Amino acid sequence: MWRSFPGTTGIAVRSIDGGWNIGHRADQNFPQQSVSKLWVAMTVLDKVDQGRISLSDSIRIGPNDLTLFHQPLAAEVKSQGGVVKSVYTLLERALAYSDNTANDALLRHAGGPDAVNDFIRRSHLGKIKFGPGERLMQSQIAGVKWNQSLSEGRKFYTARANLPIETRKQALADYLANPIDGASPEAIVNALDRLARGELLSANSSQLLQTILKRTHSGPNRLKAGVPSDWEFLHKTGTGQILGAVSTGYNDVGIMTAPDGSRYAVAVMLGDTTASIPERMRLMQSVTRAVSRYHRR
């Protein structure tokens, strides 16, 4: 499947309890997109463990805090003029529902991109980078200069569509060549391994994060659809921008747990591809199916 799949694809699998790895392009950097919400959540929970943040902290979100693309919170903000949410609620919204505004609110509360990259360095997570936040990153990928009015309605889409196609192609090519949110599949599965072992966060925070990830709503037909019904699965998806026939940053990473308790960390990252959505999903499903077949032998 990997050899015949069109585009740049990275796959990594790690046996958490067996200690082995396997992969293709596993050490290459790929755009993470919303997979990077994992590192924001871990940074927040690390600060909770240190007593610097509380899960009950209230964060106000107003019109100037809205971002772009998937942000269900925007409707609440627009109808009420602003909302106040707890850190716990925003973790749920950012991870289980992949809400970009919720994630950016957590990012600000945690100390911004520098704090996330500091957590990544201190935790020795390897080839994982965190970008400048959703608004600046997505506008840079599109070749658009960000201003807050672009968070309103379809204004960002209009601004992007009005750019010369060569400007958009160059901006996207620059991003794919050196993704500002780049991470290797191998580094991600190793981080998931350490999360599962309780090596990155306290026992309570490790359990909380994994419990929320079990409730992920996005990508039900990606990795999850290949996981047997009697296995447990937790995951985080990522989906990047599209230009013409090329889709970018189409990802899913997670931990699958067999009925006997054996655990496997899995990452499938599609840097760029011309494959259809069903084809992308089939590739991802084939990986989790292969892991479960291997385990049962």
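The legends below describe close-up views of a predicted model. Local features are given where pLDDT is at least 70, side-chain atom pairs count only at pLDDT 80 or more, and totals for chains, interfaces and linings use all residues. Residues are numbered from 1 along each chain as its sequence is written, and side-chain values use heavy atoms, with hydrogens and water left out.

**View 1. The buried and exposed residues of helix α2, residues 73–80.** Helices (H or I, at least four residues) and strands (E, at least two) are DSSP runs, numbered from the N terminus. Leu73, Ala74 and Val77 of α2 are buried, where buried means under 20% relative accessible area, exposed over 50%, and partly exposed in between (1.4 Å probe, protein chains only). These three residues lie on the same side of α2 because they cover an arc of only 100° around the axis, an arc taken from the directions from the helix axis to the C-beta atoms. On the other side of α2, Ala75, Ser79 and Gln80 are exposed.

**View 2. The surroundings and the end of α2.** Among the elements that cover the buried residues of α2 are β4 (58–61), β5 (83–86), α3 (87–96) and α4 (100–110). Gly81 follows α2 and has a positive phi, near 80°.

**View 3. Gln33 and Ser98, two residues with a positive phi.** Most residues other than glycine have a negative phi. Gln33, although not a glycine, has a positive phi of about 55°; Gln33 is found in the loop between β3 (30–31) and α1 (37–49), and counts as buried at 3% relative accessibility. Ser98, also not a glycine, has a positive phi of about 50°; Ser98 is found in the loop between α3 and α4, and is buried, with a relative accessible area of 8%.

Definitions and conventions: Contact means heavy atoms within 4.5 Å.
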